[in-house]
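Please examine the structure shown below. The explanation that follows turns to a helix and then to sheets.

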Amino acid sequence: MATLELSVSEDVIVASVQRTRRLGPLFWTATGWMIFVFAVAILAPVLPLPSPTDMDMLERRAPVSALHWLGTDGLGRDELSRLVYGARISLTVGLFAPVIGITIGGALGLLAGYFRGRFETLVVGSMDTLLAFPPLILALAVTAYLGQSIFNLTCILGVLGIPAFMRVARASTLTLARREFVIAAQALGASHARILLRELLPNVALPLVAFFLLGVAVTIVVEGALSFLGLGVPPPISSWGSMIGEGRESLEIAPQLAFIPAIAMFLTVLSFNLVGDTLRALTDPRQGAL
Amino acid sequence: MTGAPLLSVEDVAVDLPTPRGNLRAVDGVDLTVGAGRTLGIVGESGCGKTMLSRAILQLLPRKAKLSGRVRFDGQDLVRLAPEALRKLRARSLAVVFQDPMTSLNPVLTIGTQLIETLQEHLELDQAAAKRRSIELLAAVGIPAPEARLMQYPHQLSGGMRQRVAIAIALSCEPKLLIADEPTTALDVTIQAQILDLLAREQRRRHMAMIIITHDLGVVAGRTDEVAVMYAGRVVERAPTHALFKRMHMPYTEALLAAIPKIDAAPHTRLPAISGRPPDPTRPLKGCSFSPRCRYVARRCHAEKPLLAKAESSDHEFACFNPIHVEAGVSA
């Protein structure tokens, strides 16, 4: 049978389709807020802010003024300064705890989904056990035993996040490992390590990274809840959660002390969720199309 | 041909445990492929073609049970240690799948996939591997190969993707290429191009090839030998020209009749094969094709026909009631 040879002029195909996806003003506002919060948190020591721990007993619960832009709290400490330094704690814990989760959970999920068998049963079983354990009791037990510190708090929240990341990684590995490109790689003699790292990991990374941003949002809220209950960072260090907790005592006289950190947390968590959702939606079509 | 064939499949059977009972996907298949030769495996969906190819590659699903022997290049693959098997695959086996959508990694560029495979197999440095990838892409007929290296699979058309999949398969200079329905997911015009490409590269590299298809038209003229499979068994096996000149098994005849003909009068009914293949979890006592066969006799229901030699020693078929018509089709 005679066939047509492909004779397309070479310059036609080279221009690859430009990615012109509209992200919308909401996405950019959220990204802008996130950048702002990060910048302020990182630059806190060089910003012209009063110390967040200096007390001024004569200026307790002072209203907004030129000296104290957001007023002072119940012990006369500058509210804006505490908010900015609190962002450092909330963001540190909020970012590093999911890093623990994505590393350990992602690795376990990838291995469990690829190798299956007894290893998978063991991993899934132990994760179910961890999920069944009440998280607050676990946090309480660990802080009581090891003491309250930012490091301990990050570790607890990180470990609590492992099962969720493991599930996301395992679920996408299970479907991907049966795809033909994996079998083709095996037929070409690729080793297990190569298949896991080069064929599967880049594919599993997409949903994991999108889930990571949602994990950050959840962790900030949980850290707030723990600090609110007095299980978070030890005083006098401020975090958004502990600020809300302290503001609760003067809710009738000075409601702004609880509401200002709550609004900061609300906006930040919302931004992480919005950006996470948009990124997931951006990476999904390619997966669906293939 | 002298010496042992490159690949010989001896009495291979594949059993898959299913909730409805044991499913015998491949049932006592014997095949040989010599170096540089092409074997076509033909049969309808679910007749065990793909399972047979996976059995040859030793890439069956985890729960599948394989029996028999697969000898490749003097080694029995079934009894080979995993690491030795991996090394053997890396040197001499490759596979091209039906759907180029799923046979390329969606998140890596064409270049990354090709270059890494080359580096792994031929131990080339980055620059040499890149040059070799461009040559390979050009060899499989991709225009502007240099620009293609930067693109992702979803930016290519189906035919292009299949060409890339073939380039990756050819990259390690395999001795045997298994093409599992390489053209089923493609346009008819692209089909012929891809098949010609495979045939050209096969001649150039002197590799053996197994083409798995449900289309006798694909096999005609492009293979040295054809094995027709039905319900997990080989029911007719012959050199391609001999098969198309004179087929004995009613199933082969029915398959050929089911190919639409360009010179048929408009609105002619296509003589499709009625019914379905038998339930593989409940094997029939007699010939598996007997419920759908036009020439069925009483004996066909009671006894399983075995592969027997026809007039020449390399033409075999399994039928009690063979047909002897000249098909009148030249291969």
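In this predicted model, helix 8 of chain A, residues 192-228, spans only 46 Å between its end C-alpha atoms, whereas a straight helix of 37 residues would span 54 Å at 1.5 Å a residue. Along its course, helix 8 of chain A bends by about 50° at A:Leu201. A proline, A:Pro202, follows within four residues of that bend. Beyond helix 8 of chain A comes A:Gly230, which has a positive phi, near 85°.

Chain B offers two sheets for inspection. In one of them, eight strands are arranged in the order 6-7-8-3-9-10-12-11; this sheet is open and its pairing is mixed. Strand 6 (93-96) and strand 11 (308-309) of chain B are its edge strands, each pairing on one side only. Within this sheet, strand 9 (residues 225-230) and strand 10 (residues 233-239) of chain B are joined by six bridges in the antiparallel sense. There, B:Ala227 has B:Arg237 in strand 10 as its bridge partner.

The other sheet of chain B is open as well, with four strands in the order 2-1-4-5 and antiparallel pairing. Because strand 2 (21-33) and strand 5 (75-76) of chain B stand at the edges with a single partner strand each, one side of each is left without a neighbour in the sheet. Strand 1 (residues 7-18) and strand 4 (residues 65-72) of chain B pair in the antiparallel sense over seven bridges. B:Ser8 stands opposite B:Arg71, a residue of strand 4 of chain B. In general, strands of a sheet pair through backbone hydrogen bonds, either parallel or antiparallel.

Definitions and conventions
Residues numbered from 1 in each chain as written. Chains lettered and ligands numbered in written order. Predicted model: local features only at pLDDT ≥ 70, side-chain atom pairs only at ≥ 80, totals over all residues. Expected span 1.5 Å × (residues − 1). Bend = angle between axes of the 7 residues up to and from the residue. Pairing = 2+ DSSP bridges.
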